[in-house]
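The following paragraphs lead through a protein structure, from its overall form to selected elements and contacts. Please keep the sequence and the model in view while reading.

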Amino acid sequence: MNPDWLTRLREFLAAHSGRPPRGKKERLAWARAFHADLTDAGLAAPGWPVDAGGMGLELADQLAYHREMTRARAPKHPCGLSFIVAPTLIKHGTPEQRERFLRPILRADELWCQGFSEPGAGSDLTALATRAVRDGDEYVVTGQKVWTSMGDQADWMFALVRTGEPGPAGISYLLIPMDAPGITVRPLRDITGGAHFAEVFLDEVRVPVANLVGEENGGWAIARTSLGHERATAFLADEFRYRRIVDELLALAGTTGAADDAVVRQSLARIEEGARILAANSRRALDTVLDGGDPGAAASVNRLVKSEFEQLLHEVALRVVGPDAVLGSAAAEAPEHGRWTYGYLMTRSSTIGAGTAEIQRNTIAEKVLGLPSHRGGA
C-alpha cells in the first residue's frame, strides 16, 4: 500500500466532515454516500487484501486507520454485518462471488442481514431446521429465521440452512436475495421503541446453487469464519469508539458533579479498566486472525467482556445523568438527547445477541481452559 494513505485519508475526512442529519433515513443515506466515496477513493477496508478491494494494511496501520476515523467522527459503515460476510467470501467464496459482492458491500450499495438464529436454534445453531432441498440448479429453502438484525432493510441474507443430516455436518452456507418470491419479513419492536430486529419466513424460496458458499454440508466450518470475524476484526474499531465514549462519560461526570461521589468514582474506575481490557483483547484476537489461526476462543473472550462492559458502561452513565435519565430521547429536556438512556435500553440485549454470554463461557471453558465439553465427553 502506498505509504501516503494516511495523508490521503486525512484529506478525505477533512473534505467530508460535517454533522450527521437527525432523521433515521437521512442519516442512513448520508452514511451510505460517505462509504461509497471512501471506496471510490481507495480508502476502505484497511485489513482486506488489495486484490479484494481493500488496503492490505499491517496491524499497526489498521489501528492508526481506525483511530483516525474515530477522531474525525466518520460515520460507521451502515451495515456492520457486511464485514462478517465479506471476510467469509474472501476466504471461501468463488471468484464469481467475490467479483459480484465485495465492492457493493464496501460501497454500501447493498445491505446484508445474517440468517443464523431460529426459533428453535438461537444459541445452539447446530439445531437449526430451515431446510434447503436441491432441485436442479436451485435450492428450495423453507423455514424461519428470527432476531435478524436489519432484516427489514437488507438486500441479501447470508444464511445457514440444513441440506443434510441433523447436527453440524448437514449445514450449508447460502446467499439469499431478500426480494426473492416466498420471503416475508416482519419487524420486531424492542424495548427502545424501535424495530432493530425482524423475523424472516422462507416459503419455498428458490436460490441458485451458484449462491452456495463452499461445499454442500460444509457450512458449519465456514460459519466459524463468520463468527470468528464477527468477534475479532469486526470489533477492531470498537476499541477507539469505546475510548471516545468513556472519555465523554468521564467529562460528563465532571460537569454534573457526579464524580464527587466516591461510589460513582469507583464505578468510573471500573469503566476505565474495562476499556483497557477490551483494547488488549481486540488486538490479541486480531493477531490470531492475521497469523492464520482460528480466533474463536480468543474472540469469545472479547465478545463476553464487550457485552458485559457495554451494560456496565450504561448503568454507570445513568447514575451520572441522575433522575433525568428517565427522560426518553424524544424529550427536549433529556440530557444529551437521551443517548445514555437509549444506550442502556439497547445494551440489555448485549449478552444475548451474537451468541449468549452462556455460550461464550462454554467456549472459553472448553477451548481456553481445556475443561470437558458441556455436551459430555472430552
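Helices are DSSP runs of H or I with at least four residues, and they are numbered from the N terminus. The model described here is predicted. With that convention, helix 8 comprises residues 262-290, and it holds both Arg-276 and Glu-272; because these two residues are four positions apart in the helix, about one helical turn separates them. This pair is taken up again below, after the overall form of the chain.

The protein chain contains 11 helices and eight strands. Its C-alpha trace spans about 70 × 50 × 40 Å along the principal axes. A compact globule with 378 residues would have a radius of gyration near 21 Å, and the 21 Å found for the protein chain agrees with this. Of these 378 residues, 48% count as buried.

One part of the chain carries a domain annotation. An unreviewed UniProt entry lists residues 26-107 as "domain: Acyl-CoA dehydrogenase/oxidase N-terminal". In the model, this span is 63% helix and 0% strand, and the C-alpha atoms at its two ends lie 17 Å apart.

Strand 5 offers a view of the strand pairing. How many of the residues of strand 5 (residues 171-177) are buried? Seven of its seven residues are, so that the strand counts as mostly covered, given that buried means under 20% relative accessible area. The side chains point in two directions: Ile-171, Tyr-173, Leu-175 and Pro-177 point one way, while Ser-172, Leu-174 and Ile-176 point the other way, and all are buried.

Strand 5 has pairing partners in strand 4 and strand 8. With strand 4 (residues 156-162), the pairing is antiparallel and extends over seven bridges; here Arg-162 stands opposite Ile-171. Strand 8 (residues 212-213) also runs antiparallel to strand 5, and two bridges join them. Within strand 8, Val-213 is the bridge partner of Tyr-173.

Beyond strand 5, the chain enters the loop that leads to strand 6 (183-188), and Gly-182 lies in this loop. Gly-182 has a relative accessible area of 31% and is therefore partly exposed. Although Gly-182 and Val-205 are 23 residues apart along the chain, their C-alpha atoms are separated by 5.1 Å.

The next topic is charge pairing. Side chains of opposite charge can pair when their charged atoms come close. The structure holds 19 salt bridges, and three of the helices illustrate such contacts between residues of one helix.

In helix 7 (residues 238-256), Arg-243 and Asp-247 lie four residues apart, about one turn of the helix. Their salt bridge has its closest N and O atoms 2.8 Å apart. Arg-243 counts as partly exposed because its relative accessibility is 27%, and Asp-247, with a relative accessible area of 39%, is partly exposed as well.

The helix 8 pair named at the outset, Arg-276 and Glu-272, also forms a salt bridge, with the closest N and O atoms 2.7 Å apart. Are its two members buried or exposed? Arg-276 is exposed, because its relative accessible area is 58%, whereas Glu-272, at 17% relative accessibility, counts as buried.

Helix 9 (residues 296-321) contains Glu-310 and Lys-306, four residues apart and thus about one turn of the helix from each other. They form a salt bridge in which the closest N and O atoms are 3.1 Å apart. Glu-310 is buried at 12% relative accessibility, and Lys-306 is buried with a relative accessible area of 7%. Elsewhere, salt bridges that share partners join Asp-40, Arg-103, Arg-107 and Asp-109 into one network.

The final stop is a nonpolar region on the surface. Which residues form the nonpolar patch? Val-368, Leu-369 and Leu-371 do, with about 290 Å² of accessible area together. Leu-369 is placed in the segment after helix 11 (357-368). Because its relative accessibility is 59%, Leu-369 counts as exposed.

Technical notes: Residues numbered from 1 in each chain as written. Predicted model: local features only at pLDDT ≥ 70, side-chain atom pairs only at ≥ 80, totals over all residues. Heavy atoms only, no water. UniProt positions renumbered as here; feature names shortened; annotations may be inferred. Patch = residues over 30% accessible without salt bridge, like charges linked within 9 Å, V, L, I, M, F, W, Y side chains within 5 Å. Areas by Shrake-Rupley, 256 points an atom, 1.4 Å probe, with all protein chains shown as cover. Salt bridge = Lys/Arg side-chain N within 4 Å of Asp/Glu carboxyl O. Buried < 20%, exposed > 50% of the residue type's maximum accessible area, 1.4 Å probe, protein only. Pairing = 2+ DSSP bridges. Rg over C-alpha atoms; globule rule 2.2 N^0.38 Å.
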